[in-house]
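Subject: Structure handover and what was found in it

Dear colleague,

Please find below the structure that I promised to pass on to you. After it come my notes, which you may like to read with the model open beside them.

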Amino acid sequence: MKIQDAVKDYVSLRLSLGFDFLTQRKQLKRFCKAMGPVEVEELDSGRLQTFLAAVPPASRANYYHALRGFVRYAIPRGLMASSPLPTTVPKKPQTMRAYVYSA
């Protein structure tokens with residue numbers, strides 16, 4: 001099965017369950033576009049790491065979590081044998097802490 005078809009099935013499932021899935025849908029669409037017409041079984045950790053490295057650091061953790069949801073959908077359905085995701089979860093960048101100046 002092609003990645004685009006599997007992602008389309010995953011997104012339609014999440015939407016049918018009532019999840020607000022707008023951001024993840026866009027992220028998975030960008031992922032499919034970057035991977036091209038590839039079979040789901042051909043996904044490996046090298047391709048996913050290359051894709052995640054190309055994502056801006058501020059969004060990398062969000063993309064990782066969107067891909068993790070897709071992989072969790074694909075493995076029990078027999079689309080993938082095991083998870084090709086990197087074992088280290090990207091961390092979200094630290095936000096600036098406000099500093100209150102005193103007089």
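In these notes a helix is a DSSP run of H or I with at least four residues, and helices are numbered from the N terminus. Leu-28, to take one residue by way of example, has its place in helix α2. Please keep in mind throughout that this is a predicted model.

Let me begin with how the helices are arranged. Helix α1, which covers residues 3-16, and helix α4, which covers residues 57-74, have axes that come within 10 Å and cross at roughly 100 degrees. Since angles from 65 to 115 degrees count as roughly perpendicular, α1 and α4 are therefore roughly perpendicular to each other. On the α1 side the residues that meet α4 are Ala-6, Val-7, Asp-9, Tyr-10 and Leu-13, and their partners in α4 are Gly-69, Phe-70 and Tyr-73. Sorted by character, the residues of this contact of α1 with α4 comprise six nonpolar, one polar and one charged.

Helix α2, made up of residues 22-35, also meets α4, and here the two axes come within 9 Å and cross at roughly 85 degrees. That angle makes α2 roughly perpendicular to α4. From α2 the contact draws on Gln-24, Gln-27, Leu-28, Arg-30 and Phe-31, while α4 contributes Asn-62, Tyr-63, Ala-66, Leu-67 and Phe-70. The residues of the contact of α2 with α4 divide into six nonpolar, three polar and one charged.

Two residues of α2 deserve a separate look. Leu-28 counts as buried because its relative accessibility is 1%, the cut-off for buried being under 20%. Leaving aside neighbours within four places in sequence, Leu-28 is in contact with Val-7, Tyr-10, Val-11, Phe-21, Ala-66, Leu-67 and Phe-70. By contrast with these contacts, Asp-44 lies 16 residues from Leu-28 along the chain, and the C-alpha atoms of Leu-28 and Asp-44 are separated by 16 Å. Gln-27, which likewise lies in helix α2, is buried as well, with a relative accessible area of 7%. When residues up to four places away in sequence are not counted, Gln-27 touches Asn-62, Tyr-63 and Ala-66.

Next come the aromatic rings. The count comes to six aromatic pairs. One of them joins Tyr-10 and Phe-70, whose rings are edge-to-face, at 6.0 Å centre to centre and with 65 degrees between the planes. This pair links distant parts of the chain, with Tyr-10 in helix α1 and Phe-70 in helix α4, 60 residues apart. Both Tyr-10 and Phe-70 are buried. For Tyr-99 and Tyr-101 the ring centres are 4.9 Å apart and the planes stand at 80 degrees, so this pair is edge-to-face too. Tyr-99 and Tyr-101, however, are exposed. Tyr-10 and Phe-70 also belong to one aromatic cluster, which is formed by Tyr-10, Phe-21, Phe-70 and Tyr-73. A charged side chain takes part in another arrangement, in which Arg-14 lies over the face of Phe-19, at 3.9 Å from the ring centre.

Finally, a word on the segment after α4, where both Thr-87 and Ala-98 are found. Thr-87 is exposed, with a relative accessible area of 77%, and its C-alpha atom is 13 Å from that of Leu-67, a residue 20 places away in sequence. Ala-98 is exposed too, with a relative accessible area of 73%. Ala-98 and Ala-34 are 64 residues apart in sequence, and their C-alpha atoms are 37 Å apart in space.

With kind regards

How values were computed
Residues numbered from 1 in each chain as written. Predicted model: local features only at pLDDT ≥ 70, side-chain atom pairs only at ≥ 80, totals over all residues. Heavy atoms only, no water. Axes fitted to C-alpha atoms, helices over the stretch in contact; angles between N-to-C directions. Helix = DSSP H or I, 4+ residues; strand = E, 2+ residues; numbered from the N terminus. Parallel < 35°, antiparallel > 145°, perpendicular 65-115°, else oblique. Contact = heavy atoms within 4.5 Å. Nonpolar A, V, L, I, M, F, W, Y, C, P; charged D, E, K, R; others polar. Phe/Tyr/Trp six-rings, centres within 6.5 Å; stacked < 30°, edge-to-face > 60°. Buried < 20%, exposed > 50% of the residue type's maximum accessible area, 1.4 Å probe, protein only. Lys NZ or Arg CZ within 6 Å of the ring centre and 35° of its normal.
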